[in-house]
Structure formats: C-alpha cells, structure tokens
Amino acid sequence: MEISQNVLTSHLDAHKKARLLEKIILSIADTSTKQDRTKTQIQDLSAATISLEALAVDTFSMFEFQMQHYFKRGPFARKLKTLLLEADQPDLANRFHQFYLAINVLKHGKGASYRELLQTKNLYFVINRTTGSPLKKDLSPTLIEISIPGFFENMIITMTDAYHFLTKR
C-alpha cells in the first residue's frame, strides 16, 4: 500500500510542479515574440523548459522504478506494453509506449526512439522534425514539445492508467 500511495502522491506533486513551470513558459511566450524577447526572458524560458524536461524524465523514471516489481526482470516499458496488448488494452499500450519513447528522446536526443516517433501516426504530443545543424542551445527547439500544455498532464494520466492496470490484475 505504501508504494501505491507513493506512486500516486509523486504523480500529483510532479503535476503541480509541471503546471507552475508551464505557467512560466506560457507567460513568457504570451507576452513576447521570439524576436522581442530580452536576454533574461530567453534565459528564464530556457531554464523553465529544461526544468520541465528534467521533471518529466524524473517522474517517468521513478514510475518505472516503483512499478518494476510487477515484472521479474527486463525493460519495464516493453514488458508493460506486451502485457497491455495481451490484455486487449491497445490504446493504453500505445500511449505508454509513446511517452516512453518521448522520455528516451528527452534523455538521449536523436536516436532510435526519435526515429520511431517520426514514423508514428497519431502522436499524443508534438515532436520537432529537425533538419541540418541545430542553432544555439538557447534558441533551438527541443525535439519534444514538452512546453505545450497537455504533454505532462497526458503523461501523468497515462502513467496513472498503467498504475491502475498493474495494481488491479
């Protein structure tokens, strides 16, 4: 029960933090255009976006760690996807897999997860299709548009649905 409560409590705490970061990002984006932003606004926007990315990675990773005991060994996300598909839960399997890939992209950048997302139809979030060399870090878009409201909330909903699936079986 304690782990169960910790999972749900950590989801709520992370969601609250994410909403605060999203508000900061939106307030800067709504009050200025990219060309008109001051150096401070650019730094604040970058810091809030990086913090939101780190929070998403930490939250998803903690969920995997807390729920790993449902599987003997092996990669949690793949085992969960297989189990969900076997239980005739393809929507949840797809959502969870997409967020798993998105978190991998946030952690590792372009790679197999990014390429798989590029090939995926009906994504639950926005990805940036980059070409050529990236611009300076503070001006370049992230590969996953995590600052758009809804990414974090949908990730939390997906993890909570997966949590309920695992705890009820």
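Reader: In which helix is Thr59 found?
Author: This is a predicted model. In it, Thr59 belongs to a helix made of residues 39–67. That element is helix 2.

Reader: Is Thr59 buried or exposed?
Author: Residues count as buried under 20% relative accessible area. Thr59 has 9% relative accessibility. It therefore counts as buried.

Reader: Which residues does Thr59 touch, not counting residues up to four places away in sequence?
Author: Residues up to four places away are left out here. One partner is Ala14. The full set is Ala14, Phe152, Met155, Ile156 and Met159.

Reader: Which backbone oxygen does the side chain of Thr59 reach?
Author: The side chain of Thr59 comes to 2.7 Å from a backbone oxygen. That oxygen belongs to Leu55.

Reader: How many helices and strands does the protein have?
Author: From the N terminus on, the elements run α-α-α-α-α-α. The count is six helices and zero strands.

Reader: What is the radius of gyration of the protein, and why does it agree with a compact globule?
Author: The protein has 169 residues. A compact globule with that many residues would have a radius of gyration near 15 Å. The value for the protein agrees with this, at 17 Å.

Reader: What does the C-alpha trace of the protein span along its principal axes?
Author: Three spans describe the trace, one for each principal axis. They are about 55 × 35 × 25 Å.

Reader: What share of the residues in the protein is buried?
Author: The cut-off for buried is under 20% relative accessible area. The share is taken over the 169 residues in the protein. Buried residues make up 42%.

Reader: What share of contacts between residues at least 6 apart in sequence join residues at least 24 apart?
Author: Contacts between residues at least 6 apart in sequence form the pool. Those joining residues at least 24 apart make up 66%.

Reader: How much of the accessible surface of the protein belongs to carbon and sulfur atoms?
Author: The accessible surface comes to about 10200 Å². The share of carbon and sulfur atoms in that area is 54%.

Reader: Where does Lys79 lie, and is it buried or partly exposed?
Author: Lys79 lies in helix 3, residues 76–86. Its relative accessibility is 35%. Values from 20% to 50% fall between buried and exposed. Lys79 therefore counts as partly exposed.

Reader: What separates the C-alpha atoms of Lys79 and Lys34?
Author: Lys79 and Lys34 are 45 residues apart along the chain. In space, their C-alpha atoms are separated by 42 Å.

Reader: Where is the place of Asp88, and is Asp88 buried or exposed?
Author: Asp88 sits in the loop between helix 3 and helix 4. It is not a glycine, although it has a positive phi of about 60°. Its relative accessible area is 61%, so it is exposed.

Reader: What is the phi of Asn122, a residue other than glycine?
Author: Asn122 is in the loop between helix 5 and helix 6. At 67% relative accessibility, it counts as exposed. Its phi is positive, near 60°.

Reader: Which side chain does a polar contact join to that of Glu145?
Author: Glu145 is also in the loop between helix 5 and helix 6. It touches Val126, Asn128 and Phe151, not counting residues up to four places away in sequence. The polar contact has a length of 3.0 Å. The side chain joined to Glu145 is that of Asn128.

How values were computed:
Residues numbered from 1 in each chain as written. Predicted model: local features only at pLDDT ≥ 70, side-chain atom pairs only at ≥ 80, totals over all residues. Heavy atoms only, no water. Helix = DSSP H or I, 4+ residues; strand = E, 2+ residues; numbered from the N terminus. Buried < 20%, exposed > 50% of the residue type's maximum accessible area, 1.4 Å probe, protein only. Polar contact = N/O pair within 3.5 Å; in protein donor to acceptor, adjacent residues only side chain to side chain. Contact = heavy atoms within 4.5 Å. Rg over C-alpha atoms; globule rule 2.2 N^0.38 Å. Areas by Shrake-Rupley, 256 points an atom, 1.4 Å probe, with all protein chains shown as cover.
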